[in-house]
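Biologist: I should like to go through this structure with you step by step. Please give the reasoning behind each answer.

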Amino acid sequence: MKPLVVLAAAAEGEPNPLAFHLTEFLLALVVFGILYFLMKTKVVPNFEKTFSERTAAIEGGLQAAESKQAEVDAKMAALEKQLGDARHEAARIREEAREQGAAIVAELRAQGQAEQARIIEAGKAQISAERQQAATSLKAEVGSLATSLAGKIVGESLDDDARSSRVVDRFLADLEAHQQGAN
Amino acid sequence: MSLTSMLIVATEGFTPPGPGDFELPGFFGTSVTKPMLQLVLAAIVVVGFFYLASRRGAMVPGKLQYVGESAYGMVRNSIGRDIIGSHDFMKFVPYLFAIFFFLLLNNLFGSIPGIQFPTFSRASMAYALAALSWIIYNAVGIKKHGALGYLKLQSVPSGVKGPILLLLVPLEFFSNILVRPVTLALRLFANMFAGHILLILFATGGEYMLIHGAALIKPVGVLAWVLAIAISFLELLVQFLQAYVFTLLNAMYIQGALADEH
């Protein structure tokens, strides 16, 4: 209860601390009024602006991060789809290649067999033609050879075995030499 | 105060501090006194500091801006929003913000070396702020509920019926409308006044005992100074608390005037 004590003191000639001084009262109101006005117009809006901008910046950052994440997810999905497509494509190509390879092998085998058959056929035909030719030329020569051999045999004495075999040997050697010269 | 009178008896010739210590002369023969200048200085410093702190408005605040924002945020959120409610509080934030820091600095002037005079130990200045807050909370209530609706809100406690109202209505009116500005003003004024007078008493009393006291009394003078230092720290707390309480009560009165139910 200090004010009461103070009042008592005031009664003894001390100034009354509770006394009303209009100057001080008005001055306090005016100074505070100006302070309030400046705070309201200059300071508080600045702080509020900063606060709301900061909130917006944080929320904006979160949103940006979310949209980036969504974008990344979409890109990932697209890439996975492309990868799947590529795998599918690769499998298809491999399958195709295998089929083509098998077809080529089969074709080559058929070709080879045909070639083989053709070569064999051609060989046979050549052999038979050569044999034909040999037979023909042999037929043509046999007569003259026999005639020439007979003449030689007759020219020599036919009773001597050794002689006659010599004549035959010489004839064959001549024939051989003739053949070598022909070759 | 009984302590004061004991000291007066114990030490003849010692002049105890009294209300006269608060009647400072005007400067250079004018009527401009120290507390008047302090009011102006406090307003300049408060606006200057918060203007500088809020001016840049950087997303990542520097030291000054951080301190300013924390101080503003404390009044805005823990006094304004938490008490008045998030719907209406923004309208009153500039007022609460201005009054809290204006009071805080003016009270701290009581402890700041070179000034050492709490501005609101001048009662008329406390009357001014209390009158202002009385006008504000009543005006807010009348604007929202109408004059009669507001009177009913402040005087008739809800949920009470019957003859007890005869007793309660005058009491509620008295306490909510008439007493509030008086207690607001006196609480602030008396705390500042008493704290300052106590400090003067311990400081001058200690000095008197050291200089004029007998040999055995001199150590008591030193003790008085030690106590004066301790009381100074207590005063710092009181100075902060009074600014806080004044602002808090303002917010609560405004909230009460805006409330739908008593």
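Biologist: How many residues apart are A:K49 and A:E53 in helix α2 of chain A?

Modeller: This is a predicted model. The side chains of A:K49 and A:E53 meet in a salt bridge, with 3.7 Å from N to O. Both residues lie in helix α2 of chain A, and their separation is about one turn of the helix. An α-helix has 3.6 residues a turn, so residues three or four places apart point the same way. The number of places between A:K49 and A:E53 is four.

Biologist: Is A:E53 buried, partly exposed or exposed?

Modeller: A residue is buried under 20% relative accessible area and exposed over 50%. The relative accessible area of A:E53 is 34%, so A:E53 is partly exposed.

Biologist: Why are A:E89 and A:R92 separated by about one helical turn?

Modeller: A:E89 and A:R92 form a salt bridge of 3.0 Å, N to O. A:E89 is partly exposed at 35% relative accessible area, and A:R92 is partly exposed at 39%. The separation is about one helical turn because, in helix α2 of chain A, the two residues are three residues apart.

Biologist: Which helix of chain B holds the residue that pairs with A:R54 in a salt bridge between chains?

Modeller: The side chains of A:R54 and B:E69 meet in a salt bridge of 2.9 Å, N to O. This pair crosses between chains, starting from A:R54 in helix α2 of chain A. Both A:R54 and B:E69 are buried. The helix that holds B:E69 is α3, residues 63-84.

Biologist: How many salt bridges are found over all chains?

Modeller: Some salt bridges are linked in a network, which joins A:E24, B:E23 and B:R122. Over all chains, the search of the whole structure gives a total of eleven.

Biologist: Let us turn to the aromatic rings. What kind of pair do A:F47 and B:F97 form?

Modeller: The structure holds 25 aromatic pairs over all chains. In the pair of A:F47 and B:F97, the ring centres are 6.4 Å apart and the planes stand at 80°. Planes over 60 degrees apart count as edge-to-face. The pair is therefore edge-to-face.

Biologist: Which helices do A:F47 and B:F97 come from, and are these residues buried or exposed?

Modeller: The pair crosses between chains, from helix α2 (residues 22-155) of chain A to helix α4 of chain B. A:F47 has a relative accessible area of 1%, and B:F97 has 0%. Because buried means under 20%, both values meet the cut-off. A:F47 in α2 is buried, and B:F97 in α4 is likewise buried.

Biologist: What kind of aromatic pair do B:F27 and B:F28 form?

Modeller: B:F27 is partly exposed at 32% relative accessibility, whereas B:F28 is exposed at 84%. Their rings lie 6.4 Å apart, centre to centre, with 45° between the planes, and the pair is tilted.

Biologist: Which residues touch B:P118, not counting residues up to four places away in sequence?

Modeller: B:P118 is found in the loop between α4 (93-108) and α5 of chain B. At 2% relative accessibility, B:P118 counts as buried. The residues that touch B:P118 are B:Q38, B:N106, B:N107, B:F109, B:G110, B:M192 and B:H196.

Biologist: How far does helix α5 of chain B reach from its first C-alpha to its last?

Modeller: Helix α5 covers residues 123-145 of chain B, which makes 23 residues. Among its buried residues are B:A123, B:Y137 and B:G141. At 1.5 Å a residue the expected span is 33 Å, and the reach of the helix is close to this, at 33 Å.

Biologist: Which helix gives the largest share of the nonpolar patch?

Modeller: B:L148, B:L151, B:F173, B:F174 and B:L178 make a nonpolar surface patch of about 490 Å². Two elements of chain B give two or more residues to the patch, α6 (147-155) and α7 (164-212). B:L151, one of the patch residues, is found in helix α6 and is partly exposed at 37% relative accessibility. The largest share, three residues, comes from α7(B).

How values were computed. Residues numbered from 1 in each chain as written. Chains lettered and ligands numbered in written order. Predicted model: local features only at pLDDT ≥ 70, side-chain atom pairs only at ≥ 80, totals over all residues. Heavy atoms only, no water. Patch = residues over 30% accessible without salt bridge, like charges linked within 9 Å, V, L, I, M, F, W, Y side chains within 5 Å. Areas by Shrake-Rupley, 256 points an atom, 1.4 Å probe, with all protein chains shown as cover. Salt bridge = Lys/Arg side-chain N within 4 Å of Asp/Glu carboxyl O. Buried < 20%, exposed > 50% of the residue type's maximum accessible area, 1.4 Å probe, protein only. Expected span 1.5 Å × (residues − 1). Contact = heavy atoms within 4.5 Å. Phe/Tyr/Trp six-rings, centres within 6.5 Å; stacked < 30°, edge-to-face > 60°.
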